[in-house]
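Biologist: Hi! Could you walk me through this one while I have the viewer open?

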Amino acid sequence: MSGSLLVDNIGELVTNGLGEGPLGIRRDAAVLVEDGRVAWVGASAYAPAADRRLDAGGAAVLPGFVDSHAHLVFAGDRAAEFAARMAGEPYTGGGIRTTVGATRAATDDELRATVRRLRGEALRQGTTTMEIKSGYGLTVADEARSLRIAAETSTETTFLGAHVVPAEYADRPDDYVGLVCGPMLAAAAPHAKWIDVFCERGAFDVDHARAILACGQAVGLGVRLHANQLGPGPGVQLGVELGAASVDHCTHLSDADVDALAGAHTTTVATLLPGAEFSTRSPYPDARRLLDAGVTVALATDCNPGSSYTSSMPFCVALAVREMRMTPAEALWAATAGGARALRRDDIGVLTPRARADLVVLDAPSYLHLAYRPGVPLIRKVLLNGVPQ
Ligand SMILES: [Zn+2]
């Protein structure tokens with residue numbers, strides 16, 4: 001759609017840039033959108049003329065959510081496993097292999113339909129950028145097609161061939177690491193921006209994780225890491241050492257882990273995924289400890305059929321506030337600008353001139369309502385690249 005669009009009569013505009021407080025809030029504001037970008041931000045009374053107008057009616061407007069961690073390419077669901085867990089069985093991560101079997105058996109069109117359905121679901125809840133991982137194929141062909149399908153929907157695609165060691169390699173994990181670093185990476189890399197490893201007891205140890213991530217870096221992929229979810233371990237410090245964009249989960253951290261994340265030269269974001277703790281009935285990460293140490297924190301959904309089958313960033317914001325003692329402002333920043341940092345993007349997660357015009361009009365006067373009114377559909381309108389959805 002060409003021409004300019006003015007979103008005006010905004011009661012509370014969150015810019016994550018210039019304005020009041022850490023969210024850069026402006027009152028009685030307007031945003032001019034041209035060619036998919038923010039062209040101007042200022043007082044509604046002084047707004048320039050535009051070809052079209054969207055009256056926010058005094059409601060709050062935010063940057064679209066940036067969900068920097070999601071697993072959307074899969075088949076089947078694991079509702080029965082969830083029910084068993086809620087009846088008292090512990091979460092071990094072993095159920096990933098169930099989804100691997102279903103994913104391998106699915107057609108391309110079935111996988112594509114699931115990705116589109118979940119991406120649409122997230123968009124309606126205000127998510128304008130969504131990272132998508134592979135990791136349920138675990139063969140050369142299935143990882144390559146997972147990423148090819150992911151890339152139809154997002155530029156933020158992540159090769160996660162090192163999700164778990166598949167059953168056929170259970171007694172020879174070194175051989176599987178060789179496959180991941182060799183032919184699987186070669187087939188995946190043309191469709192991927194990032195490489196990720198599930199570095200956890202029962203998945204990949206630190207030596208394997210280091211080797212796989214180094215292979216990815218050597219072909220130009222950025223590094224991200226699943227680390228310290230199920231127990232303490234070396235993943236977080238490995239991520240910082242390798243200059244990972246993000247270490248994700250961060251549920252079990254030592255003082256040395258927090259110090260590494262808070263280091264003056266650290267650019268690694270700690271991405272917290274409270275949907276996983278909610279859905280596995282596990283203790284939440286200590287967000288306050290990270291924030292108080294000065295660590296950059298992002299929030300994401302971890303949308304996947306096993307441990308966190310939600311695509312809702314507002315739900316994660318509410319969990320972060322209620323269960324992890326983040327303030328509503330910290331949680332919203334982490335779900336927008338924090339997610340952008342975790343993807344090393346400066347054109348999203350903010351509403352300042354030249355940023356992408358990805359924004360959300362709430363059915364509420366303030367962003368505070370995201371946590372204050374949990375479970376309520378508060379997203380009235382979404383603009384993606386300046387285009388009303
Ligand atoms: Zn994950």
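Modeller: Happy to. One term to begin with: a donor is an N, O or S atom within 2.8 Å of the metal. Keep in mind too that this is a predicted model.

Biologist: Good. Which spacing do the donors of the zinc ion follow along the chain?

Modeller: The spacing is H-x1-H-x154-H-x75-D. His-71 sits in the loop between strand 6 (65-67) and helix 1 (79-86), while His-226 belongs to strand 11 (residues 222-227), so this pair ties together parts that are 155 residues apart in sequence.

Biologist: And which are the protein donors of the zinc ion?

Modeller: They are His-69 (NE2), His-71 (NE2), His-226 (NE2) and Asp-302 (OD), and they lie 2.1 to 2.4 Å from the zinc ion.

Biologist: What about the angles among the four donor atoms?

Modeller: Those run from 83 to 167°, and the site is irregular. Four donors count as tetrahedral if all angles lie between 85 and 135 degrees.

Biologist: Are the two histidines you paired, His-71 and His-226, buried or exposed?

Modeller: His-71 is buried at a relative accessible area of 2%. His-226 is buried as well, with 3% relative accessibility.

Biologist: Let's switch to aromatics. How many aromatic pairs are there?

Modeller: The count comes to five aromatic pairs. One of them is Phe-74 with Tyr-136, an edge-to-face pair at 6.3 Å centre to centre with 75° between the planes. This pair links distant parts of the chain, 62 residues apart: Phe-74 is in the loop between strand 6 and helix 1, and Tyr-136 is in the loop between strand 8 (132-133) and helix 4 (140-151).

Biologist: Which aromatic cluster do Phe-74 and Tyr-136 belong to?

Modeller: They form one cluster together with Tyr-309. Both Phe-74 and Tyr-136 are buried.

Biologist: What lies over the face of Trp-194?

Modeller: Arg-224 does, at 4.5 Å from the ring centre. Trp-194 also takes us to strand 10, where Trp-194, Asp-196 and Phe-198 are on one side and Ile-195, Val-197 and Cys-199 on the other, all of them buried.

Biologist: How many residues of strand 10 are buried?

Modeller: Six of the six residues of strand 10 (residues 194-199) are buried, so the rest of the structure largely encloses this strand.

Biologist: How many bridges does strand 10 have with strand 9?

Modeller: Three bridges, with strand 9 (residues 157-162) and strand 10 pairing in the parallel sense. Ala-162 has Val-197 as its bridge partner in strand 10.

Biologist: In what order do the seven strands of the open sheet come?

Modeller: The order is 8-9-10-11-12-13-14, with parallel pairing. Strand 8 and strand 14 (297-299) are the edge strands, each pairing on one side only. Further in, strand 12 (residues 246-249) runs parallel to strand 13 (residues 269-272), joined by three bridges, and Asp-248 has Thr-271 as its bridge partner in strand 13.

Biologist: And strand 5, which residue of strand 15 is the bridge partner of Val-61?

Modeller: That is Val-361. Strand 5 and strand 15 pair in the antiparallel sense over three bridges. Strand 5 (residues 60-63) also pairs with strand 1 (residues 4-14), here in the parallel sense over two bridges, with Leu-13 standing opposite Val-61.

Biologist: New topic, cysteines. How many disulfides does a search of the whole structure find?

Modeller: Zero. For Cys-215, the nearest cysteine sulfur is that of Cys-181, 3.1 Å away. A disulfide needs the two sulfur atoms within 2.5 Å, so this pair does not count. Cys-215 is partly exposed at 25% relative accessibility.

Biologist: How about Cys-250, what is the nearest cysteine sulfur there?

Modeller: That of Cys-199, 12 Å away, and Cys-250 is in no disulfide. Cys-250 is buried, with a relative accessible area of 1%.

Biologist: Which residues of helix 12 are buried?

Modeller: Ala-329, Ala-331, Leu-332, Trp-333, Ala-334 and Ala-335. That is six of the eight residues of helix 12 (residues 328-335), so the helix is largely enclosed by the rest of the structure.

Biologist: Last one: where is Asp-346 found?

Modeller: In the loop between helix 13 (337-342) and strand 15 (359-362). Asp-346 is exposed, with a relative accessible area of 70%. From Asp-346 to Arg-356 is 9.4 Å, C-alpha to C-alpha, and the two are 10 residues apart in sequence.

Definitions and conventions:
Residues are numbered from 1 along each chain as its sequence is written. This is a predicted model: local features need pLDDT of at least 70, side-chain atom pairs count only at pLDDT 80 or more; totals for chains, interfaces and linings use all residues. Side-chain values use heavy atoms; hydrogens and water are left out. Donors are N, O and S atoms within 2.8 Å of the metal (3.2 Å for Na, K and Ca); water is not among the atoms, so sites may look incomplete. Four donors count as tetrahedral if all angles lie between 85 and 135 degrees; four count as square planar and six as octahedral if opposite donors are over 155 degrees apart and all others between 65 and 115; anything else is irregular. Helices (H or I, at least four residues) and strands (E, at least two) are DSSP runs, numbered from the N terminus. Buried means under 20% relative accessible area, exposed over 50%, partly exposed in between (1.4 Å probe, protein chains only). Rings of Phe, Tyr and Trp (its six-membered ring) pair if their centres lie within 6.5 Å; planes under 30 degrees apart count as stacked, over 60 as edge-to-face and the rest as tilted. A charge sits over a ring if NZ of Lys or CZ of Arg is within 6 Å of the ring centre and within 35 degrees of the ring normal. Two strands pair if DSSP finds at least two bridges between them.
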